[in-house]
Amino acid sequence: MNQAATAQPSGAKAERTRSVILLAAEELFATHGYAAARLEDVADTVGLTRAALFYYFRDKQALYDAMLKNAFGSMTEHLNRVLTAKGSIAERLELAVEAYVDAVVARPSLARLILRYVADAKEQPPQDLLSNNNQILLNFWSLFQKGRKSGELKPVNDDPFHAASAIIGTTVFYVAGLSALVPQGKFEPLDPKQVAAHKREALFALRHLLGLGRSGD
């Protein structure tokens with residue numbers, strides 16, 4: 001394919017088309033996973049030919065990378081701002097949990113993308129799932145270390161990823177998996193009252209696992 005064929009169009013119309021492609025790809029990758037999702041299906045969904053799709057993304061990997069950045073970018077940027085803002089360690093961690101739950105509830109495809117990413121790990125190229133993922137981990141680790149040193153945190157486990165797993169995993173399952181295991185119509189995970197209850201439980205787990213507000217041993 002020559003350089004002219006792979007160059008991306010410019011202009012407002014091209015940007016709108018690119019956004020539509022990314023949203024269609026997000027749904028298809030979340031539903032089928034990386035290996036099974038086809039470029040033809042993405043093109044058909046947005047009313048393009050497969051060849052026209054290459055004007056925007058040179059191949060499936062480029063589309064997948066751009067889709068992940070588009071899907072998770074706003075959430076990860078917000079989480080990093082919260083984790084590095086002023087305030088106590090407890091306040092920042094609790095606000096980060098609330099922001100994470102809100103983001104996944106508002107965009108349920110994120111939870112399904114995470115499940116697909118984990119399930120299909122051996123079938124897809126190595127890729128950071130979250131945009132700027134390492135920075136979030138570094139910020140979280142820094143707060144954990146500072147909090148443990150100052151006594152603001154009295155964690156149940158020395159490794160903070162037990163707490164991270166509990167929050168990330170339960171929210172992903174709550175949004176993407178729970179409704180499949182309960183009788184249809186009996187429970188609506190995205191109902192605002194149910195979301196509020198889940199958020200309270202996520203915060204309770206965080207406070208317990210990291211020892212927020214716990215008195216001396």
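The second largest cavity of this predicted model has a volume of about 40 Å³. A search of the whole structure finds 2 cavities of 30 Å³ or more. The second largest cavity is lined by Phe144, Pro155, Asn157, Asp159, Pro160, His162, Ala163, Leu209 and Leu210. Two elements, α9 (161-176) and α11 (192-210), each give two or more residues to this lining. Sorted by class, the lining residues comprise 6 nonpolar, 2 polar and 1 charged.

The overall fold provides the setting for this cavity. The protein chain contains 11 helices and 0 strands, so that, under the definition of helices and strands as DSSP runs, its elements read α-α-α-α-α-α-α-α-α-α-α from the N terminus on. Of its 217 residues, 41% count as buried. Among contacts in the protein chain with a separation of 6 or more, 73% are accounted for by residues 24 or more positions apart.

The interior may be approached through the largest nonpolar core, which has 60 residues. Within this core, Phe29, Leu63, Met67 and Leu93 touch the most other members. The elements that give two or more residues to the core are α2 (12-36), α3 (39-46), α5 (60-84), α6, α7 (109-119), α8 (133-150), α9 and α11. Methionine 67 illustrates the contacts made there: leaving aside residues up to four places away in sequence, Met67 touches Leu22, Ala25, Glu26, Phe29 and Leu113. One of these partners, Phe29, is itself among the core residues that touch the most other members.

Helix α6, a contributor to the core, comprises the 18 residues 89-106. At 1.5 Å a residue, α6 should span 26 Å, and because its end C-alpha atoms are 26 Å apart, the expected and modelled values agree. Many positions in α6 are listed as buried, namely Ile89, Ala90, Arg92, Leu93, Ala96, Val97, Ala99, Tyr100, Val101, Ala103, Val104 and Val105. Leu93 is also one of the core residues that touch the most other members.

The chain then passes into the loop between α6 and α7, where arginine 107 is placed. Is this residue buried, exposed or partly exposed? Arginine 107 has 25% relative accessibility and therefore counts as partly exposed, since that class lies between the limits of 20% and 50%. Not counting residues up to four places away in sequence, Arg107 touches Leu23, Glu26, Asn70 and Ala71. Glu26 is also touched by Met67. Finally, Arg107 and phenylalanine 72 are 35 residues apart in sequence, and their C-alpha atoms are 9.7 Å apart in space.

How values were computed:
Residues numbered from 1 in each chain as written. Predicted model: local features only at pLDDT ≥ 70, side-chain atom pairs only at ≥ 80, totals over all residues. Heavy atoms only, no water. Helix = DSSP H or I, 4+ residues; strand = E, 2+ residues; numbered from the N terminus. Expected span 1.5 Å × (residues − 1). Buried < 20%, exposed > 50% of the residue type's maximum accessible area, 1.4 Å probe, protein only. 1 Å grid on protein atoms, 1.4 Å probe; cavity = no way out; pocket = protein on both sides within 12 Å on 5 of 7 lines; lining within 4 Å. Points joined across faces, edges and corners; volume = space filled by probe spheres on them. Nonpolar A, V, L, I, M, F, W, Y, C, P; charged D, E, K, R; others polar. Core = buried A, V, L, I, M, F, W, Y, C linked by side-chain atoms within 4.5 Å. Contact = heavy atoms within 4.5 Å.
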